[in-house]
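The following exercises are meant to be worked with the sequence and the model open side by side. Each task is followed by a solution that proceeds step by step.

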Amino acid sequence: MPAFGLLLAATVTGCSSPATTSQSSETAGNVLKIGVDLPLSGADASDGIPARNGVVLAVEEANRHSLPGGFQFAVADLDDAVQGKHDPAQGAQNTKTLVADDAVLAMIGPFNSNVAQAEIPITNDAGLAQISPATTSTTLTKGDAAQRLRTSHPDVKAFFRVCATDDRQGAADAQAARKIGAKRAFVIDDDETYGKGLADVFEQQFVRLGGTVLGHEHLTSGQTDFKALLTKARALSPDVIFFGGTTSTGGGLVRKQMADAGMGAVAFLGGDGISDASFLSTAGRAADGTYFTVAAPQGDKPFIDAYQKRFDTSIGAYSANGYAAALVAIAGIDKAIAADGGKRPSRADVLRYITATKNLKTPVGDVGFDSFGDTTDPILSLFKVSDGKAVFVGLVSAGP
Amino acid sequence: MTVFFQQIINGLSLGGIYALIALGYTMVYGIIELINFAHGDVYTLGTFFSLAILAGLGVSGEVHGLQLVAVVLVTMLAAMLLCGIVGVLIERLAYRPLRNAPRLAPLITAIGMSFILENVMQLWHGPSPIPFPEVMPNPSFRFAGVDVSAKQMAVIALAVILMLALQTFIYKTKLGKAMRATAQDRDAAQLMGININTTIAVTFLIGSALAGAAGFVSGVYYGTTWFFNGFEAGLKAFTAAVLGGIGNVAGAMLGGFSIGLIEAIATQYIPQGEQWSNVVVFSVLVLVLIFRPSGLLGESLPEKV
């Protein structure tokens with residue numbers, strides 16, 4: 001029987017196409033599933049797939065050590081992109097699918113904050129631990145908005161993340177803007193949960209640091225021509241354009257059109273939403289002079305090598321975050337199994353152990369969670385694009 | 001004031017692309033009273049064909065001089081031809097069999113064709129944005145403080161040239177006359193010996209070829225495309241056609257440029273204008289339709305839809 005379980009787990013994890021989740025734990029045998037919901041197709045896939053691969057790598061490594069009770073980990077991954085764009089309704093649907101599968105003990109995802117808003121009420125209701133590698137909106141864990149997401153169990157916090165939140169990333173971006181000598185900023189955001197949250201914090205922190213914000217405009221979904229907006233910005237002669245948003249919501253095109261609008265020499269600064277390969281290809285030659293922060297300290301050599309070896313490609317901006325999120329889930333499940341004496345742990349136990357995570361060694365630093373479920377590790381990496389490549393500039397502290 | 005004129009240039013170049021797409025909507029509506037929802041996707045297909053042709057020609061970077069003229073002409077004409085053929089095929093397969101069906105039926109197949117094209121393109125190049133090679137250098141020229149880039153001039157000029165050519169075709173050639181006759185009264189035209197099928201096929205050929213031209217131009221102008229590109233552009237172009245008076249060629253042009261201009265001016269002069277520009281565009285549309293239900297240049301016809 002253990003041999004059969006091993007075989008099954010090997011088939012499921014070895015498969016790179018979305019694995020189907022079975023509806024009953026009877027057939028799952030002694031497989032412990034880690035659910036994944038990320039955008040695996042479309043404009044966000046260049047972020048989603050490397051993050052998913054990070055999860056796969058962590059699970060494969062965990063399976064090399066034997067667990068008590070002969071358990072094996074498996075990844076059940078689902079795609080939340082519809083017609084090429086991350087979709088909150090699809091994310092909610094995927095979360096329900098994962099919740100309905102008793103073998104799923106923890107969930108990794110989603111990538112986008114607006115998708116998380118649709119998913120948190122479902123995992124809260126099910127008591128399923130959810131660890132996001134990349135959503136950074138503060139409203140997901142803090143304040144009244146976060147409280148409203150915890151509909152079924154207002155006192156249970158089942159949503160965690162291993163990345164720094166927007167208030168930290170926005171603050172780090174403001175620090176970065178000052179560091180590159182910018183005094184006058186024009187702020188553009190995509191009017192989504194992530195982008196607007198980031199831009200609002202940037203604006204506030206940049207002003208606090210003595211900078212001037214010349215204007216703050218919001219993009220409309222689906223828009224591709226930003227010349228009029230950039231002409232408006234140019235007339236105010238900013239020395240940096242701050243963009244709150246992702247490549248898929250306009251980041252690449254705005255940077256590209258800055259060159260056409262005579263603003264090629266003006267710095268362009270954003271958050272981790274523009275840190276993907278798709279940004280570089282969309283903006284083309286105009287990408288040079290772009291700065292962005294990634295809510296994860298970079299540069300863990302052993303991880304980079306292991307990832308390269310397994311997937312035959314270099315890591316994406318969120319591979320390490322996906323890996324770290326999976327490590328959190330695996331560590332929580334391990335502890336729950338040990339405490340239960342080798343029996344299949346309950347979701348409640350897993351959630352309890354994940355909540356208590358402290359100083360867990362990961363490629364993105366020591367992960368632990370504060371009372372909101374956010375990481376206690378507030379270091380971000382600043383990158384600059386030159387000659388079409390993102391170059392690591394240094395670490396930026398987001399401050400408390 | 002220079003900012004105002006700069007925005008006029010921005011608006012005209014954006015409007016030029018809307019206008020080229022709107023021409024196809026308006027021609028098809030004019031002749032068979034069908035809103036061809038697949039038209040926006042034919043436009044996207046134009047960018048995809050252009051990509052394939054440029055790859056076939058081995059062009060991946062800037063070309064200059066005569067070579068540039070040749071590359072632009074070959075790519076654009078080939079993309080126009082291919083899109084024209086696709087348009088004719090769509091008409092033959094999806095609309096002609098339903099020509100005498102209730103009006104809702106071809107409308108639904110049009111939406112179906114749109115989905116088919118989108119998904120074919122998604123299979124072809126994947127769902128992510130695709131960079132378009134920087135074919136032409138883009139020097140800016142300064143006129144009294146207003147920067148006009150070479151690409152912007154090309155877009156505006158091309159839109160005007162193609163519209164003039166289309167007007168000439170419709171009003172000066174025999175086939176154009178047949179098109180106008182078919183648009184006025186299909187049965188009477190048939191009785192006068194006009195081959196309705198050929199005439200409608202030619203309408204689709206030309207309309208789709210113009211979308212192909214728009215596709216090539218937008219690829220060069222914006223330097224990017226993706227399979228869903230046609231949705232937003234198609235919506236705006238359709239609005240342009242309605243604003244100008246659907247069925248009217250000059251109206252589509254006027255509508256396209258108007259919408260581009262309204263967007264640019266609204267973005268500049270309204271606080272948070274980028275967000276409000278669509279609201280302004282559609283408010284203008286509503287106002288125009290209240291006072292001129294058949295659009296700016298539309299003739300008052302008996303109610304059709």
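The radius of gyration is taken over C-alpha atoms, and the globule rule used below is 2.2 Å times the number of residues to the power 0.38. The model is a predicted one.

**Exercise 1.** Determine how the radius of gyration of chain B compares with that of a compact globule.

*Solution.* Begin with the rule, which for 305 residues gives a radius of gyration near 19 Å; chain B has 19 Å, which agrees with a compact globule. Next, take the extent of the C-alpha trace of chain B, which spans about 55 × 45 × 40 Å along its principal axes. Then turn to the interior, where 51% of the 305 residues of chain B count as buried. Finally, among the contacts in chain B with a separation of 6 or more, 78% join residues 24 or more positions apart.

**Exercise 2.** Describe which elements of chain B make up the side that touches chain A.

*Solution.* The contact involves 31 residues from chain B and 30 residues from chain A. On the side of chain B, at least two residues each come from α1 (2–32), β3 (146–149), α9 (229–244), α10 (249–269) and α11 (273–291), and α1(B) gives the most, with 6 residues. By character, the residues on this side of chain B comprise 11 nonpolar, 15 polar and 5 charged.

**Exercise 3.** Establish where the buried residues of helix α14 of chain A lie around its axis.

*Solution.* In α14 (residues 347–355) of chain A, the buried residues are A:V350, A:L351, A:Y353 and A:I354. They lie on the same side of α14(A), because the arc they cover around the axis is only 165 degrees. Their cover includes β5 (104–108), β6 (129–132), β7 (159–161) and α13 (319–339) of chain A.

Methods: Residues numbered from 1 in each chain as written. Chains lettered and ligands numbered in written order. Predicted model: local features only at pLDDT ≥ 70, side-chain atom pairs only at ≥ 80, totals over all residues. Contact = placed C-beta atoms within 7 Å. Helix = DSSP H or I, 4+ residues; strand = E, 2+ residues; numbered from the N terminus. Nonpolar A, V, L, I, M, F, W, Y, C, P; charged D, E, K, R; others polar. Buried ≥ 20, exposed ≤ 12 C-beta atoms within 10 Å, placed from the backbone. Arc of directions from axis to C-beta.
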